[in-house]
Structure formats: C-alpha cells, structure tokens
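Reader: I am new to protein structures and would like to learn how to read one. Could we go through it slowly, from the outside inwards?

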Amino acid sequence: MFPPRGLAVVLFGYTRCPDLCPLTLGRLLPAYEALGSPPDLQLMLLSVDERDTPQALQTYLRGFAPIQGLTGKPEAIRQIADVARVEYNPAPGGRLIFHTDAMALLDSEGRLVRMLYGVSRLSTAKLKEEIARLLR
C-alpha cells in the first residue's frame, strides 16, 4: 500500500541490485536499531523492477527484517518515482536496472518530507541523523 500509513523511510531499488541497494539496506538497519527500533517507523524497499514479485521481495528482505517490500503495477511505480524525481531504466542486456540512488522520508500522513539522494554513500550515522529528524 502506497503511501504507507505512518512515518516511513522508503528506499527506491530492486532485489537484483548488485551494489547500491544491499549496501544501503545494510546501513539502514543499524541506523534504525541505534534509534531504538521505533515501532511507529516503517522501513520499505519500493522496487523499480517489474520482475520483482511480492514473493521475491519477501525472500530478499528476510535478511533485512523489518524492512518491507513494495511493488505494484509498472505505471503506478512510475508515477511514484516521477513525483520523487527518481529515474530508472533497464541497463543494456536487461538484467540490471540503472536507478537513482534515493530514499524518501514520509510523515505520518504519507506526505513526502524529504528526499535523500546518493544514500548508498551515506554512513550509518548520517542515516540515523536523517531518520531522527523525521521522528521529531
């Protein structure tokens, strides 16, 4: 369901991403835990790859619990990405997806508070700081 109800951090990515997504997810979890694992904050991966099924997302995110996977019709994902200024396109050969390295911070009403770009380059401490700002 998008937008989610309640505070949310939404990473734009996909399960076959070889670098940016797993790196960011790996830093996001410790940031969330350092904040005391706030129960009112949802962590989500919104897939920009139409090949990602709900089952594929669930399997992939098992190692990143409590992050939830989101997918939907390609046109719905495109609309959300356009609002967030996130670009994504299949790479030559179609196996990988070139995508903007971005994360959305949403308020309790599902409204966009802030977009973070280049999130794979942010440290766990910086992610924690950005999320803490959302929680205030």
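Reader: How much surface does the protein chain expose, and what share of it do carbon and sulfur atoms supply?

Author: In this predicted model, the protein chain exposes about 7,200 Å², and 53% of that area is supplied by carbon and sulfur atoms. As for the charges, there are 16 positive and 14 negative ones, and their mean positions lie 2 Å apart.

Reader: What share of the residues is buried?

Author: Buried here means under 20% relative accessible area, and of the 136 residues in the protein chain, 46% are buried.

Reader: Why does the radius of gyration agree with a compact globule?

Author: One compares the value with that expected for the chain length: a compact globule of 136 residues would have a radius of gyration near 14 Å, and the protein chain has 14 Å, so the two agree. Along its principal axes, the C-alpha trace spans about 45 × 25 × 25 Å.

Reader: Which pattern do the helices and strands follow along the sequence?

Author: The protein chain has four helices and seven strands, and read along the sequence they follow the pattern β-α-β-α-β-α-β-β-β-β-α.

Reader: Which residues of helix 4 are buried, and what covers them?

Author: An α-helix has 3.6 residues a turn, so residues three or four places apart point the same way. In helix 4, the buried residues are L127, E130, I131, A132 and L134, and their cover includes strand 1 (7-13), helix 1 (20-34), strand 2 (41-47), strand 6 (102-106) and strand 7 (112-117).

Terms used: Residues are numbered from 1 along each chain as its sequence is written. This is a predicted model: local features need pLDDT of at least 70, side-chain atom pairs count only at pLDDT 80 or more; totals for chains, interfaces and linings use all residues. Side-chain values use heavy atoms; hydrogens and water are left out. Helices (H or I, at least four residues) and strands (E, at least two) are DSSP runs, numbered from the N terminus. The radius of gyration is taken over C-alpha atoms; the globule rule is 2.2 Å times the number of residues to the power 0.38. Buried means under 20% relative accessible area, exposed over 50%, partly exposed in between (1.4 Å probe, protein chains only). Accessible areas come from the Shrake-Rupley method with a 1.4 Å probe; for residues, only the protein chains shown count as cover. Lys and Arg count as positive and Asp and Glu as negative; His and the chain ends are not counted. The place of a charge is taken as NZ of Lys, CZ of Arg, CG of Asp or CD of Glu. Contact means heavy atoms within 4.5 Å.
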